[in-house]
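Student: Could you take me through one part of this model at close range? I would like to look at the largest nonpolar core and the sheet that goes with it.

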Amino acid sequence: MGDSKPTPGLGSARQNGPMAQPASSSEAAGTASDDGFQEGERSAIILCNEPRMHGSLSKALSEEFSTLHFATGSDELHALVAKHAFETLVIHIGQAGGVSLAELVQNVRASVIFDFNTVVVSDESDLTKVLACLQDIDAVLLRAPFGRAEIYSALKSARERRRIARENFLLQRQVDQSSPIKDRVVGESEAIQKLWDIVRRVAPMPASVLITGETGTGKELTARALHDLSGRTGSFVPVNCAAIPADIIESELFGHVRGAFSGAVQSRQGLFGHADGGTLFLDEIGELPLAMQAKLLRVLENKRYRPLGHNQETTTSARLLFATNRNLPSEIAAGRFREDLYYRMNVLVLNVPPLRERRSDISRLALLYMNLHAIEIGQPPPPLEAEDLDAMLNYDWPGNIRELRNVIERSLLLNLPIAQVLGPPAALKQPAPQKPEDVTLSVDNLSIKSAEEHCIAEALRISGGNKSAAARLLGVSRKTVERRIKRMNAMNKNSRMKNL
C-alpha cells in the first residue's frame, strides 16, 4: 500500500490501485514507527473492498484516528495485523473472504498480543441477517448511512466494551476493594498521617515509587492509594513476583505471541498491557529473577518492552510501583539484586510503619476487622473488652496488620476473648527457668495442695497480681484461680486460729 501527505482534518490519500490509501503513521504523527504507535495516537485497520463505503469510512474515521490502514481482503488484513499495532478493527460486513465473521475476528485476536475494539459496518437492510453475522463476536454495529455522530457513538461504545472486558479480567486475578481509599485508610497516629501526607503529594507524579516495610504493614494498600489518587484512568494491576514461577514470569508480564514456546497456542497480552494507562504494582520485587531484572530495567528507562517471541517492541504508559520487605542493599551485596535497577527504582521511597509504631491505631483497626468478620460469619460483633485491648496494646505484632486481622478472625470463630487468643505478653510467655535451689518446696511440705499453692503464688508474682494473666500462665480460667485463692485464704485463716 502506498502512503501520502495528509490534508488537515481529513487525512486524505492518493490512489493505490482502486482504493485510496491514507497517510502512513510516520507521516501522520511525525515520529511514530512501524513497531508501535505513540502515546495518545490512535490507529485503525479497516477491511473493505467496496469503493463507496471505502470513501465514507476514510473520511469519517480520519477525524477519529491519526493513522488508518486499509485492506481489501482477509490475506491483506492479516498482513497489516502482523505489521502494525492498532486500537480498532473496522470490518465492512461480508468481507470475511470465505470464513465466518466470527472466525475472522478470532483469527486476528489469536495473532496479536494486545486487545482491540471491533466495529462491524453494515449497509444491509435486513437486520436479522446482520445480527446473525454478529453472533459470537464482541463487536459494535455501525449501520450505514452514518455521520460523525454515529461514528463517535460506535467508537465510544467499543472502547467502553473493551474497558469492561479488561476490568473483568483483572477481577479474576484479585478481590478488588470497591470503597474509596479514604474509607479504607484507618488510623490517626502521627506515623500513618505522615505517610498519607506524602502519598497525597506524590500520587499525581508519573515517577515510579518503591514502597518498603515489614510484612503485613499494608504496602499494597499504599500502592492502591497512590493509584486511586493519581487521576489515572487505567486499571490498578497488582502482581506478586514471588508467586509466579521464574520460567513463565516474562510471559506473564510482557505477554507472548502464538508459537513463542510449547503450549502457546495463541497470542496473549501481558500484565503490562492490561496496566496501560494505569498502574502496575510489582510486589515482592526482591524475588524477581536476575534475568527479568535486566528486562525490567529497560522498561523503566525506555518505557518499551518486547513480548515473548515478538520481533518488535511495544510501548507502555503504565506507572510502575514496587514493594519489598527485603533489605535491597543487602541483596545487592549478596549478588541477588541488580544495583542499577535498585537506583532506577529508588526515585521515591515510602516506608510503611509497623503496627508497633502506631499503637494508637490498634483499637480502631480492631473494631473495623471485628465488624467485617462478624458480618462474614453472620453474628453480631462482640464488645471489645478492656482486657482484650490491654493484651493487644502490649503485644508486639510481628505480623503487623495482617496478624491483627487473623487474631480477630480466630477469636470470633473460636468464640474466645482476644486476650486469650493472643496469650500472655512476651515477657510472661517465657519466664526465666528456676534453678533447683530456687524451688521452695521441701520434703516436709511436699504435697499436691502445697505444690498448687506454690504455682498459684508464683503465677501471681510473675503477673504482678493480675489474676487473668496468672490464669493464662497456669492454663486455667480466672474463676478457677479465684476459687483456689479463696480456699487458700480460708485454710491459712483456720491454721492461724488453731495456733492461737
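Tutor: Happy to; here is a walk through the sheet, the core and the aromatic rings, with a few other spots at the end. Please keep in mind that this is a predicted model.

Let's begin with the sheet. Five strands make up an open, parallel sheet, and their order is E9-E12-E15-E8-E16. The edge positions belong to E9 and to strand E16 (348–351); each has a single partner strand, so one side of each is left without a neighbour in the sheet. From one strand to the next, the twist averages 20°. If you want to see one pairing in detail, take strand E8 (residues 209–212), which runs parallel to E15 and is joined to E15 by four bridges. Within that pairing, leucine 210 stands opposite phenylalanine 322 of E15.

Now add the helices. H12 lies across E12 and E15, and its direction is at about 140° to E15. Helix H8 (residues 190–202) lies across E15 and E16, running at about 150° to E16.

With that frame in view, turn to the core. The largest nonpolar core has 29 residues, and those that touch the most other members are Phe272, Leu280, Leu282, Ile285, Leu296, Phe322 and Met345. Among the elements that give two or more residues to this core are the strands E9 (236–240), E12 (279–283) and E15 (319–324). Helices contribute as well: H10 (249–254), H11 (271–274), H12 (290–302) and H14 (339–345) each give two or more. H12 supplies the largest share, five residues. As general background, nonpolar side chains tend to be buried together in soluble globular proteins.

Leucine 280 is a good place to zoom in. Leaving aside neighbours within four places in sequence, leucine 280 is in contact with Val237, Val239, Leu271, Phe272, Ala275, Arg319, Leu320 and Leu321.

One of those contacts, Phe272, leads us to the rings. Of the seven aromatic pairs in the structure, look at phenylalanine 272 with tyrosine 305: the ring centres are 5.4 Å apart and the planes are at 35°, so the pair is tilted. Phenylalanine 272 sits in helix H11 and tyrosine 305 in strand E13 (residues 304–305), so this pair ties together parts that are 33 residues apart in sequence. Phenylalanine 272 has 1% relative accessibility and therefore counts as buried; tyrosine 305 does too, at 6%. Both belong to one aromatic cluster with Phe254.

For a second ring geometry, try tyrosine 395 and tryptophan 397: this pair is edge-to-face, at 4.7 Å centre to centre with 85° between the planes. Tyrosine 395 counts as buried at 15% relative accessibility, and tryptophan 397 is buried with a relative accessible area of 0%.

Two other spots are worth a visit. Strand E7 (residues 140–143) has alternating side chains: Val140 and Leu142 point to one face and are buried, whereas Leu141 and Arg143 point to the other face and are not. E7 runs parallel to strand E6 (residues 117–122), with four bridges joining them, and valine 121 stands opposite leucine 142.

Finally, glutamate 331 is in helix H13 (residues 328–333). With 7% relative accessibility, glutamate 331 counts as buried. Not counting residues up to four places away in sequence, glutamate 331 touches Arg326, Arg336 and Phe337.

Methods
Residues are numbered from 1 along each chain as its sequence is written. This is a predicted model: local features need pLDDT of at least 70, side-chain atom pairs count only at pLDDT 80 or more; totals for chains, interfaces and linings use all residues. Side-chain values use heavy atoms; hydrogens and water are left out. A nonpolar core is a set of buried Ala, Val, Leu, Ile, Met, Phe, Trp, Tyr and Cys residues joined through side-chain atoms within 4.5 Å. Buried means under 20% relative accessible area, exposed over 50%, partly exposed in between (1.4 Å probe, protein chains only). Contact means heavy atoms within 4.5 Å. Two strands pair if DSSP finds at least two bridges between them. Rings of Phe, Tyr and Trp (its six-membered ring) pair if their centres lie within 6.5 Å; planes under 30 degrees apart count as stacked, over 60 as edge-to-face and the rest as tilted. Axes are lines fitted to C-alpha atoms, for helices over the stretch in contact, and angles run from 0 to 180 degrees between N-to-C directions.
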